[in-house]
Amino acid sequence: MKKKLLSLASLLSVGAIALHAQITLNSTHIVSVGAAVEQSVDTIPGAITIGTSGANQTWNFTGVTERLVDTLSFSNPSAMPGASNFPSANMGLTNSGQDSSWQFLDKNTTGLFVVGQTIFIQGTQTPIPFPSTIITFPSTMGTTYNTTWSGKLFQVFIGQGGIDSARVTRGDSLYSNVDAWGNVTTSFGTFASIRQNVYETTVDTTWILQSGTWSVIDPFTASIIGVDPIAFDTINTARWWTDNAASKFPVIEMDYENNGTVNRVSWQKNSPTVGLSELKVSSDFNVYPNPAKDVVTFATNVANNSEIAIMDITGKTIKTITFNTTKQTIDVSVFDSGIYFYTIRDRASGKILHNNKFVVTK
């Protein structure tokens, strides 16, 4: 249930930067609604480290290998599933690498914040009101902040084995420190940057309701369900931010262990695409639940006159339907289990607005 944001796509050619002065990061340097971001990811980074802290550093990370690419789309959150649960959000985030998950963000002059997210649990749309601070503004070397949060993540009905319901609660403690500045180099280019180190600890507890009383799940029942009664997790993240207009997002991000071992590297592939109609329209469409059992809903924040074509795994079109509202629900209960592809096309121009896939499970 961890969130993971970071990296971008192509408008500008970025050359080497020879600046050796500390930058100050503020809200104008961060991506906004309507942008799409491409992010290269290395899941086997090898012996790479986050490097040295302090002033006037030089980091070169051109040795990482692109093993997959994620696309992050920033859109108006009002059309996203569960938007009514997060009225303070002014930006929504979807990630091509995470099906059936939508994040709600708040970007303002004081910082960039996660308000919460929506996921599907047992086919039910479930809001997760888990707030978190990504970065505060203004940020420069020496900027720090601490946050703590505790609360219920979600609750589900069980109705068997004497268990009425189950829920998961979380306690979270986060410390952020901008501990370095200098020039960072990736395959995208060289940027004057500040480095933010984030240290986060979470404690997730699984509870069950029996005979009207909530208690921590016993180890035997937990082993049957496949959960830990109490799960501890520590997440260390280093992010390099820049004020360069070609970026608008962290240039590179690394998840690493307490011993310094880096587990995952994500870096900006190129400049964010802003104002390109096809990509912006694409980011305005959502499909949920995914996987689906009985129905899938297509949603957009702008009513349009379009057509949805659904294809099976062989490419055969099995259903076509007109889409001229902000939401269209399609019955998939008669579909076989498997992967289905869909294309949304403007009926007047024939232009493809969006295409992706969903999964049907029985």
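**Entry 1: aromatic rings**

I began with the ring cluster: ring pairs link Phe298, Phe335, Tyr340, Tyr342 and Phe358. I note here that the model is a predicted one.

I then searched the whole structure for aromatic pairs and got twelve. I looked up Trp59 and Trp240 among them: the ring centres are 5.8 Å apart and the planes stand at 75 degrees, so I logged the pair as edge-to-face. The cut-off for that label is an angle over 60 degrees. Trp59 sits in strand 2 (residues 54–60) and Trp240 in strand 13, so I looked at the separation in sequence, which is 181 residues; the pair links distant parts of the chain.

Are these two tryptophans buried or exposed? Trp59 has a relative accessible area of 3% and is buried. Trp240 is at 0% and also counts as buried. The cut-off for buried is under 20%.

Trp240 has a further entry in my notes, with Phe61: the two form an edge-to-face pair, 5.2 Å from centre to centre, with 70 degrees between the planes. Phe61 lies in the loop between strand 2 and strand 3, while Trp240 belongs to strand 13, so this pair ties together parts that are 179 residues apart in sequence. Phe61 counts as buried, at 6% relative accessibility.

**Entry 2: strands 1, 3 and 4**

I looked up the pairing of strand 3 (residues 68–75) next. Strand 3 pairs with strand 1 (residues 35–42) in the antiparallel sense, over six bridges. For the register I took Ser40, whose bridge partner in strand 3 is Val69.

Strand 3 also pairs with strand 4 (residues 91–95), again in the antiparallel sense, over four bridges. Here I took Leu72, and its bridge partner in strand 4 is Asn95.

**Entry 3: the sheet 17-18-21**

I listed an open sheet of three strands in the order 17-18-21, with antiparallel pairing. Which strands stand at the edges? They are strand 17 (285–288) and strand 21 (327–331); each has a single partner strand, so one side of each is left without a neighbour in the sheet. Neighbouring strands of this sheet are turned by 15 degrees against each other on average, with direction ignored.

Strand 18 (residues 295–300) and strand 21 pair in the antiparallel sense over five bridges. The bridge partner of Val295 in strand 21 is Asp331.

I then followed the chain to Val334, which is in the loop between strand 21 and strand 22 (338–346). Val334 is exposed, at a relative accessible area of 67%. I checked it against Val295: the two are 39 residues apart in sequence, and 9.8 Å separate their C-alpha atoms.

**Entry 4: cis peptide bonds**

I looked up omega at two proline positions. The bond between Asn290 and Pro291 is cis, with omega of about 10 degrees. Pro291 lies in the loop between strand 17 and strand 18, and those strands belong to the sheet of Entry 3.

Phe137 and Pro138 are also joined by a cis peptide bond, where omega is about -10 degrees. Pro138 is found in the loop between strand 8 (132–136) and strand 9 (144–160).

**Entry 5: positive phi**

Why do I note these backbone values at all? Most residues other than glycine have a negative phi, and most peptide bonds are trans.

Ser211 is not a glycine, and its phi is positive, near 55 degrees. I placed Ser211 in the loop between strand 11 (189–210) and strand 12 (213–216). Ser211 is exposed, at a relative accessible area of 79%.

Lys248 is another non-glycine residue with a positive phi, about 65 degrees. Lys248 is in the loop between strand 13 and strand 14 (252–256). At 26% relative accessibility I logged Lys248 as partly exposed.

**Entry 6: a nonpolar surface patch**

Last, I looked up nonpolar side chains on the surface. Phe220, Ile224, Ile225 and Val227 form a nonpolar patch there, and together they have about 410 Å² of accessible area.

I checked one member, Val227. Where is Val227 placed? Val227 is in the loop between helix 1 (219–225) and strand 13 (230–242). At 30% relative accessibility, Val227 counts as partly exposed.

How values were computed: Residues numbered from 1 in each chain as written. Predicted model: local features only at pLDDT ≥ 70, side-chain atom pairs only at ≥ 80, totals over all residues. Heavy atoms only, no water. Pairing = 2+ DSSP bridges. Helix = DSSP H or I, 4+ residues; strand = E, 2+ residues; numbered from the N terminus. Axes fitted to C-alpha atoms, helices over the stretch in contact; angles between N-to-C directions. Patch = residues over 30% accessible without salt bridge, like charges linked within 9 Å, V, L, I, M, F, W, Y side chains within 5 Å. Areas by Shrake-Rupley, 256 points an atom, 1.4 Å probe, with all protein chains shown as cover. Salt bridge = Lys/Arg side-chain N within 4 Å of Asp/Glu carboxyl O. Buried < 20%, exposed > 50% of the residue type's maximum accessible area, 1.4 Å probe, protein only. Phe/Tyr/Trp six-rings, centres within 6.5 Å; stacked < 30°, edge-to-face > 60°.
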